[in-house]
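Morning, everyone. Please have a look at the chain on the screen, and then I'll walk you through it.

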Amino acid sequence: METVEQLVSFNHIPVQLNGGTPWGFTLKGGLEHGEPLIITKIEEGGKAEQCKKLRVGDELVNINGSALYGSRQEALILIKGSYRILKITVCRRRVSSKNL
């Protein structure tokens with residue numbers, strides 16, 4: 001009998017979006033909702049799609065060098081305060097299987 005073990009790893013991916021708003025992605029969750037801040041939508045043709053680094057399901061963990069503590073309101077203030085450049089870091093889960 002073969003056993004499969006799932007290994008979960010996390011990648012932190014730095015992303016820089018240029019040119020100002022709209023940035024082209026939607027967030028859901030936050031401390032207020034008991035969930036991490038997750039990218040739920042990437043607008044077709046928007047800056048987030050054009051950078052080719054972001055994916056639906058990525059967790060937002062840093063904005064312009066400020067670590068996030070999970071509040072959606074905090075994230076929105078930092079994003080709206082970005083004039084021409086938005087630097088974010090997302091955390092992406094990667095699940096792989098290993099046969100034992």
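How much area does the protein chain expose, and what share of it do carbon and sulfur atoms supply? The chain exposes about 6,700 Å². Carbon and sulfur atoms supply 51% of that. Keep in mind that this is a predicted model.

Now the layout. The protein chain has 2 helices and 6 strands. Reading from the N terminus, the order is β-β-β-α-β-β-α-β. There are 100 residues, and 31% of them are buried. Next, contacts. Take those between residues at least 6 apart in sequence. Of these, 65% join residues at least 24 apart.

On to salt bridges. How many are there? The count is 2.

Start with K41 and E43. These two form a salt bridge, and their closest N and O atoms are 3.7 Å apart. Are the partners buried, exposed or partly exposed? E43 has 34% relative accessibility, so E43 counts as partly exposed. K41 is at 44%, so K41 is partly exposed as well.

The other pair is R92 and D58. Their side chains meet in a salt bridge, at 2.8 Å from N to O. This pair links distant parts of the chain. R92 is in strand β6, which covers residues 85-99. D58 is in the loop between α1 and β4. The two are 34 residues apart.

Why do we call these two buried? The cut-off is under 20% relative accessible area. R92 is at 13%, so R92 counts as buried. D58 is at 1%, so D58 counts as buried too.

Let's stay with D58. Where exactly is its loop? The loop runs between α1, residues 47-50, and β4, residues 59-63. What does the D58 side chain reach there? One of its polar atoms lies 2.8 Å from the backbone nitrogen of R55. The D58 side chain also joins the side chain of R92 in a polar contact of 2.8 Å.

And which residues surround D58? Leave out those up to four places away in sequence. D58 then touches L37, I38 and I39. It also touches K53. Finally, it touches V90, C91 and R92.

So that's the tour. Two things to take away. K41 and E43 pair up through a salt bridge at 3.7 Å. D58, in its loop, pairs with R92 in strand β6. Thanks, and over to you.

Terms used. Residues numbered from 1 in each chain as written. Predicted model: local features only at pLDDT ≥ 70, side-chain atom pairs only at ≥ 80, totals over all residues. Heavy atoms only, no water. Helix = DSSP H or I, 4+ residues; strand = E, 2+ residues; numbered from the N terminus. Polar contact = N/O pair within 3.5 Å; in protein donor to acceptor, adjacent residues only side chain to side chain. Contact = heavy atoms within 4.5 Å. Buried < 20%, exposed > 50% of the residue type's maximum accessible area, 1.4 Å probe, protein only. Areas by Shrake-Rupley, 256 points an atom, 1.4 Å probe, with all protein chains shown as cover. Salt bridge = Lys/Arg side-chain N within 4 Å of Asp/Glu carboxyl O.
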